[in-house]
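Let's take a walk through this one together. Keep the 3D view open and turn it as you read.

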Amino acid sequence: MNGRARRGSAESRHLLSDFLRHELGLTGTHVGCEHGVCGACTVLINGEAVRSCLVFAVQCEGAEVTTVEGLAAEDGELHPLQEAFQAAHALQCGFCTPGFLMSLLPFLEERRDSGALTDDEIRDALGGNLCRCTGYQNIVEAVRLAHTKMSGGAGNSAGNSVGTSTGNSAGTCAAEGA
Amino acid sequence: MSTRVFGEPIRRLEDPRLLKGKALFVDDVDFPDLLHVAFVRSSFAHGKIRSVDVDAARARDGVVAVMTAEDLGDYWSPGPLLVPPPPIKDIEFNNRTQVPLAKGKVRHVGEPVAIIVAESRYLAEDARDDVFVDIEPLDPAVDLEASAAADAPKVHDDLASNVAARVRQDKGDYEKAKAAAAHVVSGRFFYDHGASAPMENRGIVARWDDRSDRLTVWDTTQAPIPLRSGLAGLLGLAEAQVRVVAPFIGGGFGPKIMMFYPDEVLIPWLALKLGRPVKWIEDREESFFSTTQERSQIHHAEMAIDEEGRILGVKDHFLHDTGAYAPYGLTVPINSQCTLLGCYRVPAYSSSFEAIYTNLPIVTPFRGAGRQHGVFVMERLLDLAAAKLGIDPVGIRRRNVLTPEEFPHKHGLIYQDFTELEYDSGNYPEALEKAATEIGFATFRSNEQPQMRADGRLVGIGLVTYVEGTGIGPYEGARVTLESDGTVNVATGVGTQGQGHFTSFAQVVAEQLGVEVAKVRVTTGDTDQFHWGTGTFASRGAVVAGNACHAAALEVRRKILDLASQQFEAAVEDLELLDGEVRVKGVPDRAMTLGELAVLANPMRGAVIPGTEPGLESSRYFGPDRGTTASGVHAMIVEVDPATFEVEIKRYVVVHDCGIVINPLILEGQIVGGVAQGIGNAFYEKLAFDEDGQLLNASFMDYLLPTSTDVPKIESHHIETPSPLNPLGVKGAGEAGAIPVGALFAQAIEDALRPLVPDLTIAEIPLSPDRLFELVHGTGSDENSGGGSQ
Amino acid sequence: MKPCSFEYVKAESLEHALAVLVEHGDEAKILAGGQSLVPAMNFRLAQPAVLVDLNGVGALSGIERVDGMVQVGAMTRQRSAERSSVLSAHVPLVTETMPFIAHAQIRNRGTFGGSIAHADPSAELPAISVALSATLQVTSSRGSRSIAASDFYVDLLTTALEADEILVRVDLPIAVPGSGFAFAEVSRRHGDYALVGVAASVQCDASGVCQQARVSLLSVGPGPVLSTSCAAALIGERPTTRTIADAAAATASDDIDPEGDIHASARFRRHLARVLVERTLTRAFARAAVSAGAAEQA
C-alpha cells in the first residue's frame, strides 16, 4: 500500500474501495457510483489504473496498490501532477480529483518522453473519469502542464489559464473535521 | 509587495488538502461503534401499502433496528415547507410535503418505506432484501398533461386534483398588444431536465455524545444552519446542543439545499435513540430516487411582434411537474415565469402556470432552477419571429435587448425572492455584439456555412441570451477575527460545495486588512463556528456571504486603525494597512504587526477600560433589498453527421456579465462547469420514466453525464457591469453557464439541419441523435420503438 | 450497492478451477476481469454463491503466434491485447477495435476471454470473434473441445459453454494477403455500449473479386449477428459503391432484429446498421485492395 506493507481483514465480498477507505483508513479514494463508470475510485494495482469498486479486496492480497495518498512526497510537497491541478484550477469540489490523478499518473508516465500532447489525446485519456464541476477544460490544461513538468520542462508549454501563486498556500483553509 | 488581491486569479487555498486526499468528506467520518443504514424503498410509483414484513430482517445477525412509519410514533410527520408561496395576487397553493417513511400509500418509486440499521452497510443491504413490502398498485400519475386532467389518478387523495399551485402574473395588456401586432408566433415547448448528479452522493452521520450532552451531525447539506435549527426543534434539543458540520462537499448544484430529506430526519433521531453513531451514505442507484430532481415543463406560448420585429407582448401558460411533493414551494416555476422575460423589453406579458403533483420523485431547484425553461421558451419564440420576418437571430435580439439607459428596469412581476422583479444593471447590447463578433456570426452565415453546405456538411450556428436573478436574500453573516499570530479567521454560515469560498472570501477580507490571502483561514459550514445564516443557493454565496465578509472586514479594519491610532498617537488617516502590518504612512519604523495589535486588543487584568469589547473581531450581516441580475450571451457552431446524427460542437463562445469579479480563475471555472452541465441537459441527460413511473436509467451507464470528449473548449469572455445593490458590486455566477444551453442547441441544430428540413422547429430539450433522426426522417413505425415517456 | 456474500476461491491452476466448478455446478461463477460481473453483483443483479477467481492462473494469459493463428489466452487483459504487436501485425481488426471497449481503466482489468464468455450483445469482442471466424478453446474436467465463434453465442448472455466448462483460449486466424478489415460503432458517449457496432472482415483475390465477407453486428440482436446478406451479395463479385450499399441495406432490413430502448429506437438502429455496414465494408475493401497489391508486389 503506497510502498508499505499493510494488513487488514476483509470479507470476500468487500470491494477494494471499501477496504481502502474503511479498513485501512485511506479515505482519499472516493466512491461515486460503485458500478465502474465514474472513475472516482480509480487506484493503481501493480501500476495500472483500475476501478477499485470493481475489484474485491481479497484479490489484491500481495499486490502493489497506490492511492492518492501515495502521490505527494513524505514532506507534503505536491507531486507535479497535483501541482498542475492547483495551478490550472482543475478541481472545484475535488471529489472526483483523486480518481483523475490516479488515472493520469500512468498515462503521463507512459508519455513522459513523447512530444506535445494533443487535446484529443488528453481528452481521450480523461474519458473514463467523470467530473461534474469543471467541464474538463482546466483538467485538460492541467494535464498539459503536468506533462511539461514531468518531462523536465521540455515538450510543449502550458496553456494560459494558470493562476498566480500566493506563496505558501498549503493547509490554510478549513472545513471542520471529525 | 502589493497586497492587492481582490480581482486576482489566485490559486485556491483549499486545493492541497483535496489533491492529497486529506480533505474530509461526510463518508470519511468514522467511529469504532458506527452503525450503518440502508433504506427499503418502494418499487411502485403509486400504491397502497398493505403490509411491511420486517421480521426476517430484524432477526438477521448484525441488524440493530428496523423501523417502519408505525415505529416512528409521534416523531412521524410531514416535512416543513421550505419556501412559502410568494405574495402574488390570487395564488393557489396546495401544500404537501414529503414524509420520513411512507405511511398508507407510496407516491413515487424509491420513496422510503422502512429503514434498517446494522453493523455494516453490507449487512444492512442483506436485511433490506429480507423485507417484504406488500403494495397494492394504483394507477400512477406520470404523464404531465394527463396528470393535470380532472380524471387523473390523485397523488394526494385529500386534494381535489393534482394541482399543487395555480399562479398568474400579468404586465400590461397582452390582448391589446396582440391586436396591434403585425405577426404572432406561437408554439408548444417541452423542456425536460435531469438529475444534478454531483459526484458525491448525499450522506449523513450523526453522533450523540452523552458527556457533552450534544449531537453532532455531518451532512452533505448546502444549508447547515437551517438544518441545525430544524433538527433541534424536531428532537427537542436546544440549538446550542446541535452542531451541524457540512465539511467538504462533493458538488451540490441545488438538491443538497433541500431540507429534511427523510434520512436527515431519521439518522439523528436514530443516533439518539440507539446511543450509537449512525451513518447513511446514499448510493448512486438510490440517488436517482432519494435526491430531488428537476423535470418537465410544457409551455404553450405566443409572442406578438411589430413589422420591425420588436416584441409587443408575450403570453405563456405552462404546466410544471413538481413530483410527488412540493417542499420547495414554487421557486422553480416562478423562476421560469420571471426569467422568461430575459434581456428583453417586453411591454405586455401574460403568464400563468399550474404546478402538478405526479407520482415521480420530488422536484426542487437544480442549477438554473427553472430559469432555463423560461429562457428556452423566450429564445425559441424570438427565433420563430426572426424566421417570420427573415432576419437572423442576432438581428432580432439586437432590436429587443434592454439598453444600459433602461436600468434599473422594473418588470412588474413578483420574483422568487418575494420582491418585485427589477434588473439592477447590465449592458446587454455590448454582450450581444461581443458574442456575435467572437463567434464570427456574420461571416459564418455569409461565407463558411454556404461553402460547407455545398460540400454536403450540416453545420449550424446559434446565439442566445439569458439573464439570471442571483444573490437573493434573506441574509448571510460572517465573523472576522484577527488572531494574535496574525492569522485572520473568517467564519460564515454558508456551506461550500466546490465554489472556492475558502479562497474568494479570503480575498475579500485580505483586501481590507492588507494581509496575504494565505493568512486568511476561512471556515464554512460549521454551525459551531457561526450561528446565523441560510445557505448556498440561488448563486448567492459570493454576493450575500461575500458582502457580509466584506462588511465584517471593514469593521475589523476600523478597529485596527482605531487601536493603532491610540498606540501611535497618530490620526487614522495617517495610517495604512500593508503586508500584515499597520504603519504610519511615510515613517517605516512606526509599524506594528497585526498580530501584535491583536495581543493589545485582548487586555490583561487592570488594563481594561470599562465598556470596551476585546479583540479585533466583528460579525456583520448582509441582507440585500433584492436579487441582482447577471446576464450573458452564448453562441455556438455545431456540425451534425448527416448519417449518424452525432453532433459535434465546433466552437462555443460565452460572454458573461456577473458584475465585479472577485477571482477570475474561479469565475471561469463556474461558467465552464455550468456550460458542461447545460450540454448534458441539452443533449445527454434525460430521466427516462416509463408509463408506470419506473425510471429506466437509474445508473451512470444509462444516465449520461457528459465526459471530457463531449464538452468542447469553451471560449469565455467577461464584461463587468457593477451591481449597485451591494458594496462589492458583485453578482452571482453559479448557475449562469447552464441556463441558455438548451435554447442554443435547439437554434444551432435547427440551423444545421435546415438543408434537410427547411421548416424544422425544435421545440424540446433534451435532444439526442435518435431524436434528430426522428425529426429528419419522421417517427415512422418499427416494432419495438424506444421506451421512455413524453 | 454492496454485493451479497459469496464463497471466494482463488484458483491455483486451471485444474483447480475446473474441480471447483464440478463441485458447485451452477452455483459457481468464474471471476475473470470482473468488469461486467462485479457491477452486476453490486446492483445485486448477480448473486453467485461461489466465485472462482482465475486471476492467479498465469497459464491462461498470453498472446502467441502459432502457425496460422494468434492464440490469445482467455485471461489476457484487454489492455495487453490492445498493445500487442503480434495482434496488430497479424489480426489488426483486434487492435482497431480495442479502444472502443469502455475506457482504459476497464481494459486494464477486463479480459479478452471474459468479454467473450459473458456474451453481451453490445460488446465488441464477441462481434469481432465472429467476424474473424475465431475458434474458442474450452476445457472441463471431462476434456477439451473447440467451438467456432459463430456457434458459440446461443442467446442473450448465453453461450455454448456448459456449467463445468471454462473458456481458456481464443484462436484468431491471421490476416492473409488480400484481406481487409474495419470496425466502427456509434455510441452516445465514447466508451459507452454501442447503439450499433459493425466489424467487417473481407478478403479479395488478386483480381479484386471478393472471396469472403464476414460482417458481424453488435447491439442489434440477442448476440453478435453475422450478416448473411453481405456474404450473399458480395462473395464472387467485385465490390462497388453500389454493391456495398445494397449489401448494407439488405443487412439492415433482413439480417437484424434490433430492439428499441431509451437511447435509440429500433428504427434508428436499423438506419445506423446500414450506415455502419456501408462505412466498414468500404474501408475493409479498400484495405483489402492495398493488402492484395502489396502481396503482388512482394
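**A walk through two chains**

Let's start at the end of a helix: right after helix 19 of chain B comes B:G778, and its phi is positive, near 80°. Keep in mind as you look that this is a predicted model. Helix 19 itself spans residues 769-777 of chain B, and its buried residues are B:P769, B:D770, B:R771, B:L772, B:F773 and B:L775.

Now look at a pair of helices. When two helices pack, people describe them by the angle between their axes and the distance between those axes. Here, helix 10 (residues 371-389) and helix 18 (residues 741-753) of chain B pack at an angle of about 30°, and their axes are 8 Å apart. Angles under 35 degrees count as roughly parallel, so helix 10 of chain B is roughly parallel to helix 18 of chain B. Their crossing is right-handed.

Which residues make that contact? From helix 10 of chain B, they are B:Q372, B:V375, B:F376, B:E379, B:R380 and B:D383, and from helix 18 of chain B, they are B:G742, B:A743, B:A746 and B:Q747. Sort the residues of this contact by type and you get four nonpolar, three polar and three charged.

Finally, zoom out to where the chains meet: 59 residues of chain A are in contact with 65 residues of chain B. On chain A's side, the elements giving two or more residues are helix 2 (80-87), helix 3 (97-110), helix 4 (119-126) and helix 5 (137-150). Helix 2 of chain A gives the largest share, four residues. Overall, chain A's side divides into 24 nonpolar, 28 polar and seven charged residues.

Conventions. Residues numbered from 1 in each chain as written. Chains lettered and ligands numbered in written order. Predicted model: local features only at pLDDT ≥ 70, side-chain atom pairs only at ≥ 80, totals over all residues. Buried ≥ 20, exposed ≤ 12 C-beta atoms within 10 Å, placed from the backbone. Contact = placed C-beta atoms within 7 Å. Nonpolar A, V, L, I, M, F, W, Y, C, P; charged D, E, K, R; others polar. Axes fitted to C-alpha atoms, helices over the stretch in contact; angles between N-to-C directions. Parallel < 35°, antiparallel > 145°, perpendicular 65-115°, else oblique. Left-handed = near helix turned anticlockwise from the far one by under 90°.
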